[in-house]
Amino acid sequence: MYIVYFLSSWILQLCFIHSTHFRGGTITWRPLNATPSGGSASFLVRERYSWNRNTYYCDDTTIANNGLISGGNNVACTAGPCTGWSNMLTSTYCTDFSAALTVSSGERTQVYTFPLNISFTIYFNDGNWFNGLEVGNSTSWYVSNRVITNVRPDGYLNTSPIGVTIPIIYKPINIQQVHVVQMADFDSTDILRCRWSTSISANNICQYNECGGICNGVPGAVLLENNCTIVFTLTHAKLYAGVALQIEDFFNNATLTANTPMSSVPLQFLFYGYSVTGNCTKPPQIIGNRPNRACIGTSNSTFVTETIVVETYCPGQYVADFVSSSPIGMRKSAIINSSSTIFQMILTWNVSNTLHGPEPLCAAAVDNFQLQSNQWCVTFVVGYDSPDVVRPTLVQGSASPVGTVFQNQSVFSFQTTKFVGRPSRNGTNIYFKDAANNVTVAQFDCGWAPEVTFTGYTTVIRFTTTPWQAGHFYYITMDGGVVSGTEFC
């Protein structure tokens, strides 16, 4: 029998700031060159905010024309030597919008030069959160980030972590929910933790108000800090709950124990409670093509195409809209109705050669009953190629065995283009299938299965009992992410 392997410009919108239309945001930063030289370094500061779309309108034309959506006050500096800082505009280039959720989102970056070994806080503070919040109606917002330019113990400059989310997440009321916030850090060995933002400056590293009126904005919520998991129950329909988090990175367990993070990044977004009514109570789900929380190496100056695949479950249910948070320059197609229950959106992105490091993408589907799928997020790591399987050949092939094998053959292997290890995410499977009927005769989850071992460039699968039948042909498929690179993810 044979075993066959395969793998599957600028437009300025002038408008007055309205104080009740903020929908959350984040501020992050990274050095342009992590190797310190001299007494200062250049840093790229990135800000992202979401707004009421009725106030700051955005559509596909706005995005295509690099249109700006306004934001009010500038990002200012406090609580430290602000040498090198000049106020940063909060009008951002629109990247995403949702008509169903009435939200527009945008992003802006700017390069600054700061002295090394200083620490200070940059913050965006203005007007009032909008009405309709569980906690914080008509109160001011604060989005605060601690910048620390100290040289790390490993001799490099730090890159702050990022948090990934869509701006508004729908959840049914009176049902306990578990929501995981995806965190990522270009410094792959760092320990990440998140905590609730606080307004008490003496008790936080920012030394400044971090959350304004939405501190503890989700009543009764419990935060598991090590993996940024929020356990909560919404109790009021048609009300929003503001989430204010700080994501912090630690060099090792010693700095974590001493509670001395190397940066503190804000992430603010909204939960929205709704009553489950009507004949359709099951929201759509994103089922492919990438698994949730995937991490994808992406070369510079390449053209990326991704497809979001959504399944619906009720008669008459269809995907009416997507809410998303995407990198600058990513374009979205119209919603494609592939079948009565399958809907797709195609994303295209010309990756700029100026980008480097993690670029997150999050999306959720909204149906015609105003039900929202679970959030789906992936992270593109720009400037790094993903490991790939070296395709087998009949001579000195990377896959073993190749060709006719015995029924007791129990060891299989394949090689990759880069050094790899076990993935951190479960649900990354290798399937052995009978070609006669496409039935899976063996399946191994690379996230934990002891039958799968990783030895540098080679991945080995060992069977304890062999399922092969004489005279049958078999083939092997692999989920995305069955191996993990060591450079970032």
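Of the 489 residues of the protein chain, 53% count as buried. The model is a predicted one. The chain exposes about 20500 Å². Carbon and sulfur atoms supply 51% of that exposed area. The C-alpha trace spans about 75 × 65 × 45 Å along its principal axes. The radius of gyration is 24 Å. A compact globule of 489 residues would have a value near 23 Å, so the chain agrees with that expectation. The charges comprise 23 positive and 27 negative ones. The mean positions of the two sets lie 1 Å apart.

The secondary structure comes to two helices and 36 strands. Strands of a sheet pair through backbone hydrogen bonds, either parallel or antiparallel. Both arrangements are described below for strand E18, which runs parallel to E11 and antiparallel to E17.

Strand E18 covers residues 263–274. Of its 12 residues, 12 are buried, so the strand is largely enclosed by the rest of the structure. Both of its faces are covered. On one side the buried residues are Ser263, Val265, Leu267, Phe269, Phe271 and Gly273. On the other side they are Ser264, Pro266, Gln268, Leu270, Tyr272 and Tyr274. Strand E11 (residues 168–172) is joined to E18 by five bridges. Within this parallel pair, Ile168 stands opposite Leu270. Strand E17 (residues 240–250) is joined to E18 by 10 bridges. In this antiparallel pair, Tyr240 stands opposite Tyr272. Leu270 and Tyr272, the E18 partners named here, belong to one buried face of the strand.

A further sheet was examined. Three strands form this open sheet, in the order E12-E16-E15, with antiparallel pairing. Its edge strands are E12 (177–180) and E15 (222–224), each of which pairs on one side only. Neighbouring strands are turned by 20 degrees against each other on average, direction ignored. Three bridges join E15 to E16 (residues 229–232). These two strands run antiparallel. One of the contacts pairs Leu224 with Thr229 of E16 as bridge partners.

Towards the other end of the numbering, strand E35 spans residues 474–478. Ile476 lies in this strand. Its relative accessible area is 2%, and because the cut-off for burial is under 20%, Ile476 counts as buried. Ile476 and His21 are 455 residues apart in sequence. Their C-alpha atoms are 52 Å apart in space.

Conventions: Residues numbered from 1 in each chain as written. Predicted model: local features only at pLDDT ≥ 70, side-chain atom pairs only at ≥ 80, totals over all residues. Heavy atoms only, no water. Helix = DSSP H or I, 4+ residues; strand = E, 2+ residues; numbered from the N terminus. Buried < 20%, exposed > 50% of the residue type's maximum accessible area, 1.4 Å probe, protein only. Rg over C-alpha atoms; globule rule 2.2 N^0.38 Å. Areas by Shrake-Rupley, 256 points an atom, 1.4 Å probe, with all protein chains shown as cover. Lys, Arg positive; Asp, Glu negative; His and termini not counted. Charge placed at Lys NZ, Arg CZ, Asp CG, Glu CD. Pairing = 2+ DSSP bridges. Axes fitted to C-alpha atoms, helices over the stretch in contact; angles between N-to-C directions.
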